[in-house]
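Subject: Structure for you to look at

Hello,

I am passing on a structure that I would like you to open and turn around before you read the rest of this message. My notes on what was found in it follow below.

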Amino acid sequence: MATVEEFAGTVLEAVFSQMATKQLSQQEIASIARKALSDFKISQKKLPNIANECLSSPGFEFLIDGILPSEVEIVTHLKLLSIFRHIRDEVINRDGLFGIYNSIATGDMSRMFDRVDESRGRAVVKPAQVRWQVYISRAIERYTRWFDSFPKKDFNGKVEFLSNDISAVSEQNLPPIDVLMVWIVHMLHPRFYWEDCVRSGRQSFFLNVEMPWRDINEAIKDSEDPKNLYMYAPSDDAKSTFEVTTKSSFSNTEDHHLKKIVKCPTCGKPDVEVPFYAAFHHGFAEPEFTTYCDACNGYIGHESLSAARFLKDLESSQVDGYPLRGTLLDNLGGVRLTPLNYVNEFLAHSFTVERLKPANLFGGMSDIKSTIRDDAQRMRKMSKKKQPYDINKNSLIAIRKVLYPYFHNDGSFAVNLREAVQAHFRFIDVMEAYGYVSSPYRAIFANRSIERLSKFFYLLQHEKGKSIAPPNDVDLAWHTLQLSPAKYMALCFTLLGTHVDHDDSGSKGANQEAESRGSKRWRRQFPNDVLAFNDCTCVFCETKIQNGISKASAPLRRSGKTLFSGGKESRSDGIAIDYEYRQACLAAKKQSRKDIVELYTVEQLQTGKTTAPKHPYFAYLPPDIDAGTSADTYKGVTHSNQLDYLGAPKCFTIY
């Protein structure tokens with residue numbers, strides 16, 4: 001009897017063996033994956049209450065226990081997110097960390113923290129924000145060292161996933177919390193993460209290493225700090241392993257010898273040391289990073305380093321056949337076993353590195369893109385007899401996809417991790433605002449989110465080519481699934497025939513359209529569901545659902561009801577919610593749930609009995625609003641815009 005752990009290897013081996021001879025369509029990939037699984041002997045424990053439409057749909061018979069995330073994994077994920085948020089609070093409020101003091105933002109030195117934006121005038125960047133930017137940049141540097149410490153094989157022109165020469169991350173080698181934070185963000189860009197592993201020769205790392213939830217859960221302890229529920233405390237063996245393999249301290253803030261070394265893009269000097277923090281935003285951690293090489297006095301900045309990385313990769317592709325970023329991904333969201341050779345060949349034929357390299361690199365990738373665009377347009381006008389390659393619309397799209405990961409990205413990976421980590425904290429703020437981590441109904445919420453994730457995949461299967469924005473509980477389960485990257489890829493191949501990316505960077509209008517599309521499709525496919533697609537699942541609304549105080553099938557956003565509005569919902573309903581919620585908290589505490597934090601209730605907020613809510617999602621202001629204000633000194637939420645910024649549910653609106 002095979003095990004769940006062999007699921008990904010079985011599917012990927014079958015798909016990749018066929019993909020080696022030709023580029024497969026989505027339908028062909030799904031067919032091959034399902035055929036491979038038809039003889040896959042495994043104990044199939046069906047998920048409870050999955051709609052019949054799902055179970056009868058092709059591929060869904062393989063949604064087995066162990067492939068989708070478990071309750072423990074989702075709860076552990078929530079605990080990690082809570083720890084990440086607490087770390088951010090500590091960093092931004094720790095005066096003097098990394099030599100950045102709040103006092104230097106006053107008086108004559110205040111201009112050191114003025115950032116000029118010509119489109120909006122002068123904006124003020126506070127020392128607390130700079131501390132957090134430095135922490136993130138240091139975390140990325142430490143993650144890069146940790147990632148590079150795993151064994152690799154040189155890329156030989158094709159993807160090989162069948163070797164098993166790497167051990168999983170476990171209790172003995174758990175990374176520090178900041179490295180864990182960046183690793184999660186990297187894996188939440190699944191297609192780029194796959195390509196980064198392949199291009200760096202770490203295909204086995206992708207196949208065999210996933211988020212070690214069981215070991216992380218054991219390393220998370222109850223915190224004695226009243227401001228935080230949990231703390232991350234891995235073993236001494238894990239600490240020593242990290243320090244030996246990366247030559248870095250286990251703690252980010254205590255890693256005093258951490259340095260950022262770059263190669264001068266002008267003269268090629270390999271060991272230019274640059275500071276993470278410098279006055280007037282010239283440190284490496286900030287967008288305006290600027291310094292000069294001490295050998296040639298050449299300009300060094302994020303844009304010049306990004307351009308230099310592209311030129312280096314281009315030279316490697318011409319000399320060694322090393323694939324450029326984006327050449328292992330197709331235009332339809334799929335993946336390739338061999339690079340898009342015509343892109344590499346087009347660039348190699350049309351340009352030399354010396355021709356692409358500008359006299360100075362101030363223009364960065366923008367100048368390089370202009371050069372490539374002009375030549376591509378010129379070649380399209382030539383007769384086909386004179387040009388060696390057909391420069392058509394699809395090839396231009398492919399070239400743009402190759403250039404995109406290099407724009408504003410001087411890191412080692414296709415993802416701009418500095419921006420991605422900041423974006424991920426918007427998701428973390430939402431999870432905290434909904435009160436998931438301390439909810440007395442957390443187990444119910446986790447199991448329901450797993451079921452709703454399977455239904456969400458069903459929608460994706462029947463809405464191919466159209467984006468669907470998941471609700472918050474499904475988004476959390478989806479994130480958790482992506483942190484098992486090989487299983488996620490195999491499941492996507494089985495159900496959808498492609499490697500589905502997770503993109504939350506769309507415009508507000510596009511996201512609303514995707515959310516509306518999912519809501520309509522959900523109502524059509526699952527009309528008898530207790531919980532509609534966009535129903536609020538915050539801790540207070542969960543109380544209403546579990547105790548039948550109001551119809552769970554009527555989404556709050558459609559009905560316009562708010563728990564704290566007073567006028568739109570009767571006071572007696574609010575008191576009933578208070579009572580049921582307090583009873584649930586009490587029952588959870590009797591079951592040794594020390595993590596339950598009882599929030600200020602509807603009645604207290606409606607009657608004005610409190611002005612300083614204790615729970616973080618009421619008391620915290622994110623750095624972009626007021627990074628210098630701590631949860632201790634903030635006196636309470638006074639208008640709904642602050643909560644809207646946090647992504648708080650509509651039922652948290654206070655009038």
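Over residues 610-650 the pLDDT stays under 50, and for this stretch the model, which is a predicted one, has 87 contacts beyond four places in sequence. Where pLDDT is low, the predicted coordinates should not be read in detail. Residues 610-650 therefore call for that caution, since their pLDDT is under 50.

For the protein chain as a whole, the mean pLDDT is 76, and 68% of the residues reach 70 or more. Confidence is lowest in helix 22, residues 556-559, with a mean of 33, whereas it is highest in helix 6, residues 177-187, at 97. Another stretch with pLDDT below 50 covers residues 116-123, which has 8 contacts in the model beyond near neighbours in sequence.

Turning to the interior, the largest nonpolar core has 126 residues, and among these Y143, W183, F457 and F493 touch the most other members. Helix 4 gives the largest share of this core, with 10 residues.

The structure also holds 4 cavities of 30 Å³ or more, and the largest cavity contains about 50 Å³ of space. Its lining is made up of L78, L81, S82, I428, M431, E432 and V437, which by class comes to 5 nonpolar, 1 polar and 1 charged residues. Helix 4 (71-93) and helix 16 (417-433) each supply at least two residues of that lining, so when you look for the largest cavity, you may find it by following these two helices.

Best wishes

Note on methods
Residues are numbered from 1 along each chain as its sequence is written. This is a predicted model: local features need pLDDT of at least 70, side-chain atom pairs count only at pLDDT 80 or more; totals for chains, interfaces and linings use all residues. Side-chain values use heavy atoms; hydrogens and water are left out. On a 1 Å grid over the protein atoms alone, a cavity is a set of points where a 1.4 Å probe fits but cannot get out, and a pocket is an open set with protein on both sides within 12 Å along at least five of seven lines; lining residues have an atom within 4 Å of a point. Grid points are joined across faces, edges and corners, and a volume is the space filled by probe spheres set on the points. Helices (H or I, at least four residues) and strands (E, at least two) are DSSP runs, numbered from the N terminus. Ala, Val, Leu, Ile, Met, Phe, Trp, Tyr, Cys and Pro count as nonpolar, Asp, Glu, Lys and Arg as charged, and the others, Gly among them, as polar. pLDDT is the predictor's confidence in each residue, from 0 to 100. Contact means heavy atoms within 4.5 Å. A nonpolar core is a set of buried Ala, Val, Leu, Ile, Met, Phe, Trp, Tyr and Cys residues joined through side-chain atoms within 4.5 Å. Buried means under 20% relative accessible area, exposed over 50%, partly exposed in between (1.4 Å probe, protein chains only).
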